[in-house]
Amino acid sequence: MEKTIEDPPTSAVLLDHCHFSQVIFNSVEKFYIPGGDVTCRYTFTQNFIPRQKDWIGIFRVGWKTVREYYTFMWVTLPIDLNNKSAKQQEVQFKAYYLPKDDEYYQFCYVDQDGVVRGASIPFQFRPENEEDILVVTTQGEVEEIEQHNKELCKENQELKDSCVSLQKQNSDMQAELQKKQEELETLQSINKKLELKVKEQKDYWETELLQLKEQNQKMSSENEKMGIRVDQLQRKDQKKLEQTVEEMKQNETTAMKKQQELMDENFDLSRRLSEKKMIYNALQREKERLEGENDLLKRENSRLLSYMGLDFNSLPYQVPTSDEGGAGQNPGLVYGNPYSGIQESSSPSQLSIKKCPICKADDICDHTLEQQRMQALCLNCPICDKIFPATEKQIFEDHVFCHSL
């Protein structure tokens with residue numbers, strides 16, 4: 001079996017699935033002489049459209065599939081299919097590729113899907129024999145043969161017309177059958193897809209259901225464990241909560257007692273602060289009074305010295321401060337202080353200075369002790385005389401430091 005260039009597209013299409021009426025082969029001889037080229041003529045029907053990979057093959061009669069071709073030729077596509085002349089096509093098989101035996105063969109048109117669209121009558125490849133030589137007869141016989149031939153031609157023409165009509169009906173029926181078959185194949189394909197999809201969905205949901213059951217069992221087991229754990233934690237937390245509540249109650253009672261003590265202490269401190277403020281105000285007034293008296297005494301002393309014409313800086317010598325008569329007198333005066341008695345009587349003695357400014361007691365009283373304790377518990381600013389409690393030492397130091405800025 002000889003092949004040209006490349007193998008054509010084929011498929012295992014059986015005879016009962018072929019459509020032989022869509023391409024019609026014309027002028028097919030009963031036999032072809034070996035050693036010569038063979039021209040195959042064919043016609044496209046109205047509903048058939050050729051494609052690029054269509055081909056015509058020579059098959060031995062009795063073939064089962066389109067893969068059993070002896071040789072083939074590619075089909076030439078016409079430029080314009082609507083043209084009537086384009087329906088008439090032909091291909092030429094070279095003698096080199098033709099069969100060498102005398103078996104019966106036929107032309108078959110196969111499309112690019114491997115489906116047979118037309119088949120010719122059988123023919124042979126053999127030389128002429130004596131049976132094919134014409135015998136010369138008489139004129140009468142010739143006329144009779146011609147008459148018979150005309151009748152046969154007429155009958156042949158009628159058969160051809162009938163054959164064309166039948167071929168057209170067959171073509172229409174084949175087209176309708178092809179359409180129905182394609183619809184059936186489409187429906188079968190859709191049905192298969194749906195069945196496959198239903199099966200996949202069923203398998204998927206069965207798998208999901210199995211997983212959900214396993215998860216449900218697992219969750220039930222975990223839920224039981226969690227329930228036991230929650231009960232244990234609740235009992236433990238309840239006990240701990242009761243202990244915490246009891247501790248909070250005790251802390252609240254202690255805090256209330258502490259708060260009451262602080263309130264009492266705060267009230268006592270407020271009262272003592274008020275008393276200290278009163279003492280401070282009295283001491284401040286006493287200090288101002290003493291400072292005023294001191295200023296008056298200084299002016300009076302200066303006036304008396306000026307009146308006597310004496311000046312401490314102009315004295316020729318200093319009165320000794322020994323027992324030579326200067327005891328109890330001012331060493332800056334030559335003849336002593338004539339108003340020493342007045343000054344001693346008018347200046348406060350050490351005993352009178354210790355009198356309480358509130359109750360005027362000569363002895364030490366509670367107010368004096370409170371004043372001394374207050375002075376010991378206070379911090380006085382050496383610059384502005386501001387008073388700070390001893391507990392606010394850091395504030396006092398910051399205050400003093402601010403004066404140096």
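Me: Which element gives the most to the lining of the largest pocket?
Reply: H1 does, with ten residues. This is a predicted model. Strand E1 (23-26), strand E3 (38-44) and helix H1 (139-308) each supply at least two lining residues. The pocket holds about 680 Å³ of space. Among its 20 lining residues, Ile24, Thr43, Thr45, Val164 and Gln167 are the closest to the centre.

Me: Why is the pair of Trp55 and Tyr69 called edge-to-face?
Reply: Look at the ring centres and planes. Centres within 6.5 Å make a pair, and planes over 60 degrees apart make it edge-to-face. Here the centres are 5.3 Å apart and the planes stand at 65°, so the label fits. The pair links distant parts of the chain, with Trp55 in strand E4 and Tyr69 in strand E5, 14 residues apart.

Me: How do you know that Trp55 is buried?
Reply: Buried means under 20% relative accessible area. Trp55 has 0%, so Trp55 is buried. Tyr69 has 4%, so Tyr69 is buried as well.

Me: What makes Tyr70 and Tyr105 an edge-to-face pair?
Reply: Their centres are 6.2 Å apart, with 65° between the planes. The cut-offs are within 6.5 Å and over 60 degrees. Tyr70 lies in strand E5 and Tyr105 in strand E7, 35 residues apart.

Me: Why does Tyr70 count as buried?
Reply: The cut-off is under 20%. Tyr70 has 18% relative accessibility, so Tyr70 counts as buried.

Me: How do you know that the charged end of Arg126 sits over the ring of Phe31?
Reply: CZ of Arg must be within 6 Å of the ring centre and within 35 degrees of the ring normal. Arg126 is placed over the ring of Phe31, at 4.4 Å from its centre.

Key. Residues numbered from 1 in each chain as written. Predicted model: local features only at pLDDT ≥ 70, side-chain atom pairs only at ≥ 80, totals over all residues. Heavy atoms only, no water. 1 Å grid on protein atoms, 1.4 Å probe; cavity = no way out; pocket = protein on both sides within 12 Å on 5 of 7 lines; lining within 4 Å. Points joined across faces, edges and corners; volume = space filled by probe spheres on them. Helix = DSSP H or I, 4+ residues; strand = E, 2+ residues; numbered from the N terminus. Phe/Tyr/Trp six-rings, centres within 6.5 Å; stacked < 30°, edge-to-face > 60°. Buried < 20%, exposed > 50% of the residue type's maximum accessible area, 1.4 Å probe, protein only.
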